[in-house]
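Here is my note on this entry, as numbered points. Please read it with the coordinates open.

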Amino acid sequence: MWGLGARMNAVLVFAEHRYYGKSLPGERLAAPGCLVYLTTEQATADYVALIAALRRQYSDTDNAVPFIGFGGSYGGMLGAWMRMRYPDALDGMVAGSAPILSFEGLAPPYDPETYWKIVARGAGGPGSGAAAPCASNLRSA
């Protein structure tokens with residue numbers, strides 16, 4: 001990312017999630033009801049506010065500067081949800097390993113074995129590059 005950022009003349013920004021790192025509210029975290037502000041809705045709204053502040057900082061009044069998000073796992077989920085909630089905030093989002101539809105109660109229902117099916121397919125399916133016994137070894141483990 002650093003190399004590509006430099007070649008693209010990009011500014012790389014790593015946003016800190018609310019209540020983590022330096023944004024930990026300290027003693028206030030123990031206050032009753034404090035965790036109601038630790039939601040994916042709050043986190044994505046924080047990132048939208050950060051992007052707006054960066055646009056002002058760089059005098060990007062007409063949204064001409066593209067903003068591309070990158071995230072994996074939970075960060076990817078936040079980015080995907082951000083694109084759904086605030087489609088104009090980012091110009092694109094790379095959401096790797098972001099299981100946004102992996103929650104119980106969804107329709108169609110979530111299959112908890114899906115992850116393992118994908119791992120097994122990648123370990124021995126056509127074009128996987130894996131050694132022939134890899135998938136069977138994985139299944140027997």
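1. A cut-off first. A residue counts as exposed when its relative accessible area is over 50%, as buried when that area is under 20%, and as partly exposed in between. Tryptophan 2 has 60% relative accessibility, so this residue is exposed. Tryptophan 2 sits in helix H1, which covers residues 2–7.

2. Status of the coordinates. This is a predicted model. Please read every value below as computed from that prediction.

3. Overall make-up. The chain has 5 helices and 2 strands. Their order from the N terminus is α-α-β-α-β-α-α. Of the 141 residues in the chain, 21% are buried. Take the contacts between residues at least 6 apart in sequence: 40% of them join residues at least 24 apart.

4. Surface. The exposed area of the chain is about 10200 Å². Carbon and sulfur atoms account for 60% of that area. Tryptophan 2 returns here, as a member of a nonpolar surface patch of about 770 Å². Its partners in the patch are Met1, Leu12, Phe14, Ile68, Phe70 and Val94.

5. Core. Which residues make up the largest nonpolar core? There are 11 in all: Ala43, Tyr47, Ile51, Leu54, Phe67, Met77, Leu78, Trp81, Met82, Ala89 and Leu90. H2 and H3 are the elements that give two or more residues to this core. In soluble globular proteins, nonpolar side chains tend to be buried together. Leucine 54 is one of the core residues. Beyond four places in sequence, leucine 54 touches Val13 and Phe67. Phe67 is itself in the core.

6. Arginine 85. This residue lies in helix H3, residues 74–85. Is arginine 85 buried, exposed or partly exposed? Its relative accessible area is 32%, so arginine 85 is partly exposed. Leaving out residues up to four places away in sequence, arginine 85 touches Thr40, Glu41 and Thr44. Take threonine 44: 41 residues separate the pair in sequence, yet the C-alpha to C-alpha distance is 8.2 Å.

7. Aspartate 60. The setting is the loop between helix H2 (40–57) and strand S1 (68–72). Aspartate 60 has 6% relative accessibility, so this residue counts as buried. What lies 2.7 Å from a polar atom of the aspartate 60 side chain? The backbone nitrogen of alanine 64 does. Apart from neighbours within four places in sequence, aspartate 60 is in contact with Arg55 and Val65.

8. Positive phi in that loop. Two residues deserve a look. Serine 59 is in the loop between H2 and S1. Its phi is near 55°, a positive value in a residue other than glycine. Serine 59 has 58% relative accessibility, so this residue is exposed. Asparagine 63 is also found in the loop between H2 and S1. Its phi is positive as well, about 55°, and asparagine 63 is not a glycine. Asparagine 63 has a relative accessible area of 47%, so this residue is partly exposed.

9. Where to look again. For the loop, start at aspartate 60, which is buried, and then view serine 59, which is exposed. For the surface, start at tryptophan 2, which is exposed and belongs to the nonpolar patch. For the core, start at leucine 54, which touches Phe67.

Definitions and conventions:
Residues numbered from 1 in each chain as written. Predicted model: local features only at pLDDT ≥ 70, side-chain atom pairs only at ≥ 80, totals over all residues. Heavy atoms only, no water. Helix = DSSP H or I, 4+ residues; strand = E, 2+ residues; numbered from the N terminus. Buried < 20%, exposed > 50% of the residue type's maximum accessible area, 1.4 Å probe, protein only. Contact = heavy atoms within 4.5 Å. Areas by Shrake-Rupley, 256 points an atom, 1.4 Å probe, with all protein chains shown as cover. Patch = residues over 30% accessible without salt bridge, like charges linked within 9 Å, V, L, I, M, F, W, Y side chains within 5 Å. Salt bridge = Lys/Arg side-chain N within 4 Å of Asp/Glu carboxyl O. Polar contact = N/O pair within 3.5 Å; in protein donor to acceptor, adjacent residues only side chain to side chain. Core = buried A, V, L, I, M, F, W, Y, C linked by side-chain atoms within 4.5 Å.
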